[in-house]
Amino acid sequence: MTRSEELFQQALHLIPGGVNSPVRAFQAVGGGPLFISRAEGSKIYDADGHPYIDYVGSWGPMILGHANHYVIAALQKACERGTSFGAPTELELEMALLITKSVPSIEKVRMVNSGTEATLSAIRLARAFTKRDKIIKFEGCYHGHADSFLIAAGSGVATLGIPDSPGVPKAVAADTLVAEYNNLESVHEIAKKFPGEIAALIIEPIAGNMGVVPPVPGFLEGLRELCTREGIVLIFDEVMTGFRVALGGAQALYGVHPDLTTLGKIIGGGMPVGAYGGRADIMSLIAPEGPVYQAGTLSGNPLAMTAGIETLKEIRKPGFYSALEIKSAQLVEGMRENLRALNLKFQVASVGSMFSLFFTEGPITNWREINQCNRALFSTYFRAMLERDIYLAPSQFEAGFISIAHTDEDIQKTIRAQREALVLATRT
Ligand code: KE4
């Protein structure tokens, strides 16, 4: 029995499903999860000390790779100054400056402790600003686990096949309207049905929680036009794409500016963090400036700010994204070459350093199509990759992430392993 198996057996008695977040449990791919003892650069090490090339990157934050020495050195110093004060610090101002400088649509920003806190706060704010109750989300998009979002959600909800989570009051669910990703007509229909009742439309501008699904040309622009015309607050949930696909996120890549943006993951450099921000006229409603209440004991925590600031400083250096793009293109091209060489019609989708291999030959533009993926094939492939020391997200409906710490050797090893894993998965 491996150390991970031993630990998992014990954890099952004390922690629901043995994990502190469902998608980590490997339930969709069988067997138990690896327990990780440490990580450095592109590698993670399981409880037996076995190394893996890591493409989960803690689900996105580790764009510099694990245990980046700038981040660790700064954190060590910050710890000696105390871990939390519950009072404003200069670090929070520095973080606010970095975010507003990098993402022009964000005029004011509030720090919170997770992506979920960011999105639920943004929705509350949009409802207060418009004095309306309904929101539009998209099938397959995941915005964290607040009640309003656990309807037709992606990520772990899709992975575990939980259509809509029990415990969400019917009245709350009734205010969440679901449209189809990349289908502008489906949004127009909802807007026509509920004129003057929709407070916000929240979307992952590049979906990452059904696997990577980019917006089709004109889709984001169409949403911007509709929201402006209908007085709906357009919220880009960039918890995953923020600082990942470009310094200014997906909104910079596609040139479409939302009214509010939610952030997380990378801005915390691996420490607990979230943020929401946008138009000053909307953000000024947030307490104590305005009446919309939102608070948090550890919001803007000095350790999370320190790790986030060091991470953002690194990625703001000239040439960072072009270097990351080169690595990403190498991996994605190698994966596509494998599919061609094996005459397989599966598809690799990618934007910047986010990628997914979809086990379907059909279109991959929305959840209904993605849901056609062959989950059994994915599981065999996942296991074969793990046996070759490549650690992928244990779900067909998650994105893979490349870091600046991934080396040519890592990428070549991954491409070789993938070819063997594809042969195994499709020949058995
Ligand atoms: P957190 O509350 O997990 O920090 O963020 C929620 C969230 C919000 N918006 C988007 C676009 C997100 O991707 C997430 C969280 N992503 C998942 C993985 N796809 C986190 C992993 C997990 O749930 O364990």
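Start at the ligand: 17 residues surround it, and Ser21, Thr116, Asn209, Asp237 and Glu398 come nearest. The model is predicted. The shell around the ligand is mixed in character. Eight of its residues are polar, five are nonpolar and four are charged.

Now look at the nitrogen atoms of the ligand. Asparagine 209, already named among the nearest residues, places a polar side-chain atom 2.5 Å from a ligand nitrogen. Lysine 265 also uses its side chain: an N or O atom there is 3.0 Å from a nitrogen atom of the ligand. Tyrosine 142 takes part through its backbone, where a polar atom is 3.5 Å from a ligand nitrogen. How much of the ligand's accessible area does the protein cover? On its own, the ligand has 540 Å² of accessible area, and the protein covers 87% of that.

Next, turn to a sheet. Three strands form it, in the order 11-12-14. The sheet is open, and its pairing is antiparallel. Strand 11 (347-351) and strand 14 (400-401) are the edge strands, each pairing on one side only. Strand 12 covers residues 354-358. Five bridges join strand 12 to strand 11, and the two run antiparallel. To see this pairing residue by residue, find glutamine 347: phenylalanine 358 in strand 12 stands opposite.

Finally, which helix packs on this sheet? Helix 12, made of residues 320-341, does so. Helix 12 touches strand 11 and strand 12. The direction of helix 12 makes about 170° with that of strand 11.

Terms used. Residues are numbered from 1 along each chain as its sequence is written. This is a predicted model: local features need pLDDT of at least 70, side-chain atom pairs count only at pLDDT 80 or more; totals for chains, interfaces and linings use all residues. Side-chain values use heavy atoms; hydrogens and water are left out. Two strands pair if DSSP finds at least two bridges between them. Helices (H or I, at least four residues) and strands (E, at least two) are DSSP runs, numbered from the N terminus. Contact means heavy atoms within 4.5 Å. Axes are lines fitted to C-alpha atoms, for helices over the stretch in contact, and angles run from 0 to 180 degrees between N-to-C directions. A residue is near a molecule or strand if one of its heavy atoms lies within 4 Å of it. A polar contact is a pair of N or O atoms within 3.5 Å; within protein, one must be able to donate a hydrogen and the other to accept it, and residues adjacent in sequence count only if both atoms are side-chain atoms. Accessible areas come from the Shrake-Rupley method with a 1.4 Å probe; for residues, only the protein chains shown count as cover. Ala, Val, Leu, Ile, Met, Phe, Trp, Tyr, Cys and Pro count as nonpolar, Asp, Glu, Lys and Arg as charged, and the others, Gly among them, as polar.
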